[in-house]
Amino acid sequence: MSALEPTTPSALQRAGWAWRSYALTLPALLLLVAVIGYPLLTIVLRSLSEPQWGLQNYAWFFGAPVNLTVLQRTFTISAWVTVVCVLCAYPYAYLMTAVGPRVRLVLVLCVLIPFWVSGVVRTLSWVILLQDSGVINSLLRSAGFDGVRLIRTQTGVVIGMAQVLLPFMILPLYSVMKGIDLRLVQAARSLGARPSRAFFTVYLPLSLPGVYAGAIIVFILALGFYITPALLGGPRSTMLSTLVQTQVLSLLQWGRGGAMGVVLLIATFVLLALAAPVMRSRYRDAGRR
Amino acid sequence: MLKPRYGIGAVLALGVLTGAAFAQDKPVAGGVKEGSLEGKTLTFVSYGGIYQDGQTAALKEFVDKSGVKLLNDGPTEIAKLQAQVESGNVTWDVVDTDDLPPYVYCGKLFQKLDLTKLDVSKIPEGQVGECSVPAMNYGVVLMYNKEKYKDNPPKSWADFFDTEKFPGVRGIDGSGSPTGGLLEQAFKYAGGDPRSMTVADIDKAIDVVRKLGPDTIFWKTGAESQQLAESGEADMLMMWTGRAMTAVKNGAKYAPAWQDWLVVMDQMTIPVGVKDTDAAYALLNAYLGKNAQEILTEKTSYTPINSEAQPKVDASVAAFLTNTPERQKQGYKQNFKFWVPNFAVAQEKWSALMAGN
């Protein structure tokens with residue numbers, strides 16, 4: 001017993017470690033409070049206090065049909081972007097786990113290089129590709145097809161946003177996938193499972209945590225997009241951030257702009273709260289299988 | 001017994017003061033006192049790009065002579081200015097703004113100008129506001145695709161709104177705020193009289209724009225409008241003259257329909273609460289000068305606001321300057337008195353249109 005004692009920390013020691021590890025998070029916490037907490041608090045306060053105390057800004061928000069249409073559209077577009085990102089990122093991330101280190105490096109670079117280029121530049125290159133007289137339509141026409149309207153449509157916005165957000169999907173997916181023991185799939189196969197069965201009952205559930213992590217990041221980032229929908233979209237793909245911009249920058253209605261931000265934030269929380277139980281049960285299932 | 005003497009003293013002092021003020025300070029546009037702002041710093045705020053570079057070049061003589069240190073900042077955002085004014089820490093000394101803000105926020109965000117400190121005698125008529133002088137002039141002009149309309153080109157905004165007689169894709173300024181002049185033209189097309197427009201008529205005007213159909217392109221930036229002309233994606237475009245000029249120079253097969261081109265200007269303002277108002281006035285006065293305005297036009301191709309300015313520009317630029325007698329006759333001035341109090345309503349309705357509603 002006494003030989004074991006030094007390796008078993010006392011409750012007091014454990015508490016000390018816990019405090020110290022909390023202390024290590026202090027810089028991050030302070031930064032978050034300073035750059036997120038305080039501005040957020042200001043936004044909430046101004047949404048309730050300008051021009052006078054009360055809920056007038058929220059009443060205005062829910063009283064104007066355009067706000068509700070655009071709020072709904074913002075969620076729809078973000079959901080589509082998330083779906084497109086999952087579909088594109090999944091095979092890509094899988095490939096990253098399956099190839100040798102050199103090819104993997106190339107694949108990682110392909111993800112990261114666009115990530116280092118400014119969003120505005122990438123969006124403008126999408127303009128060149130998507131516009132009516134752009135690269136895609138020229139190719140279509142020279143191949144004998146009719147051109148398609150891509151720019152100033154929701155499709156165009158979704159394509160552009162998905163490209164900008166793709167790394168946020170691929171990287172979490174890859175980090176989960178590379179931890180999956182491929183021998184589990186082999187085991188399933190050796191027990192007689194068809195490849196599709198082995199994938200759907202073994203591999204896919206194990207990779208779901210990565211899908212969820214990536215999807216949440218992409219979805220939330222997409223909700224706040226401004227430049228891409230502004231440049232690639234038309235009136236029917238205007239997102240909430242554009243309306244916030246109009247309220248604050250051209251009408252100086254900080255209160256209304258704040259209220260719009262708060263509504264978006266709360267709607268996001270509600271949606272995540274609804275999705276959380278589903279995700280949690282999937283995590284459990286994945287563990288059990 | 002003492003009173004009269006005090007009175008005489010005061011009158012004498014006043015006389016001396018005003019006399020001195022007149023003797024040394026009757027401002028002349030473009031005039032700069034040597035070394036007058038040595039050791040001082042002014043922050044000039046505008047919209048960046050070629051435009052602000054041109055303005056800086058126009059102010060070079062002022063900087064060199066007065067000894068002021070000129071800082072550039074931007075782009076102009078009224079919300080940022082509001083935050084500065086409200087917090088009592090105004091770091092923007094002279095601000096270039098759009099048409100309307102100095103009228104909408106006159107006295108609140110922008111100082112009422114003391115015209116004894118400025119020489120506004122060379123500014124085109126009707127352009128000096130209570131809180132602003134013009135920064136330059138330009139126009140919003142209807143540009144059409146020459147190849148599309150050939151012998152039967154659109155001639156006016158009425159043709160622009162008539163999609164039956166003139167089929168084709170329209171491009172409209174969707175960069176943010178509504179253009180009052182365009183809405184007035186739309187209202188006229190709907191059968192109304194723009195000079196007696198009411199708030200309810202804003203809807204009628206916006207409906208005319210909405211009826212142009214789902215093909216209509218609302219361009220977000222001047223560069224985009226130029227690109228739409230150069231690629232030929234829009235058949236008729238509402239364009240800023242500077243961008244129209246560049247597009248044509250770059251080979252866009254577009255021509256202007258000058259009838260009722262919309263007169264627009266940028267404004268020069270001094271925010272409420274700047275630290276050195278007199279230095280800001282000195283900058284404005286230098287900016288209004290003949291030389292400064294010539295340099296501005298030569299660098300930016302915007303129309304000068306000093307009527308004596310004779311900028312040396314080539315024919316392609318001259319074709320889009322708006323200060324010739326002919327253009328002055330064709331120009332259409334928006335009804336400021338109507339838009340200033342109704343700016344917020346119009347913006348609200350315009351934003352809804354922009355958001356697809």
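Here is a short chat about a predicted model and how its chains A and B are built.

Residues are numbered from 1 along each chain as its sequence is written, while chains are lettered from A and ligands numbered from 1 in the order in which they are written. Since this is a predicted model, local features need pLDDT of at least 70 and side-chain atom pairs count only at pLDDT 80 or more, whereas totals for chains, interfaces and linings use all residues.

Reader: Let's start with the sheet in chain B; which strands are its edge strands?
Author: The sheet is open, has 8 strands with mixed pairing, and follows the order β2-β1-β3-β8-β4-β7-β5-β6 in chain B. Strands here are DSSP runs of E with at least two residues, helices are runs of H or I with at least four, and both are numbered from the N terminus. Two strands pair if DSSP finds at least two bridges between them. An edge strand pairs on one side only, and in chain B those are β2 and β6 (217-219).

Reader: What is the average twist from one strand to the next?
Author: Axes are lines fitted to C-alpha atoms (for helices, over the stretch in contact), and angles run from 0 to 180 degrees between N-to-C directions. From one strand to the next, the twist averages 20°.

Reader: Which residue stands opposite Thr43(B)?
Author: Strand β1(B), residues 41-45, runs parallel to β2(B), residues 69-73, and 5 bridges join them. Across in β2(B), the residue opposite Thr43(B) is Leu71(B).

Reader: And which residue stands opposite Phe44(B)?
Author: β1(B) also pairs in the parallel sense with β3(B), residues 94-97, over 2 bridges. Opposite Phe44(B), in β3(B), you'll find Val94(B).

Reader: Moving along the sheet, which residue stands opposite Arg170(B)?
Author: Look at β5(B), residues 170-173, which runs parallel to β7(B), residues 236-240, with 2 bridges joining them. The partner of Arg170(B), in β7(B), is Met236(B).

Reader: Is Ala135(B) buried or exposed?
Author: Ala135(B) has its place in strand β4 of chain B. A residue is buried if 20 or more other C-beta atoms, placed from the backbone, lie within 10 Å of its own, exposed if 12 or fewer, and partly exposed in between. Because Ala135(B) has 24 C-beta neighbours inside 10 Å, it counts as buried.

Reader: Which residues is Ala135(B) in contact with?
Author: Contact means that the C-beta atoms of two residues, placed from the backbone, lie within 7 Å. Leaving aside neighbours within four places in sequence, the contacts of Ala135(B) are Asp96(B), Met265(B), Asp266(B), Gln267(B) and Met268(B).

Reader: What about Lys337(B), buried or exposed?
Author: Lys337(B) lies in helix α16 of chain B, residues 336-354. With 10 C-beta neighbours inside 10 Å, Lys337(B) counts as exposed.

Reader: How many residues of domain 2 of chain B are in contact with domain 1 of chain B?
Author: Domain bounds come from an automatic or database domain assignment, and for chain B it gives domain 1 (35-137 + 266-317) and domain 2 (138-264 + 321-354). Their centres, taken over C-alpha atoms, are separated by 27 Å. From domain 1 of chain B, 13 residues take part, and from domain 2 of chain B the number is 14.

Reader: Which helix gives the most to the side of chain A that touches chain B?
Author: The contact takes 21 residues from chain A and 21 residues from chain B. On the chain A side, α4 (65-98), α11 (227-232) and α12 (240-250) each supply at least two residues. The one giving the most, with 5 residues, is α12(A).

Reader: How many residues of α12(A) are buried?
Author: This helix is mostly covered. Among its buried residues are Leu240(A), Leu243(A), Val244(A) and Val248(A). Out of 11 residues in α12(A), the number buried is 9.

Reader: Last one: which residues have the most contacts inside the largest nonpolar core?
Author: A nonpolar core is a set of buried Ala, Val, Leu, Ile, Met, Phe, Trp, Tyr and Cys residues joined through C-beta atoms within 7 Å. The largest one has 147 residues, and its largest share, 16 residues, comes from helix α8 of chain A, residues 154-177. The residues with the most contacts inside this core are Leu165(A) and Leu283(B).
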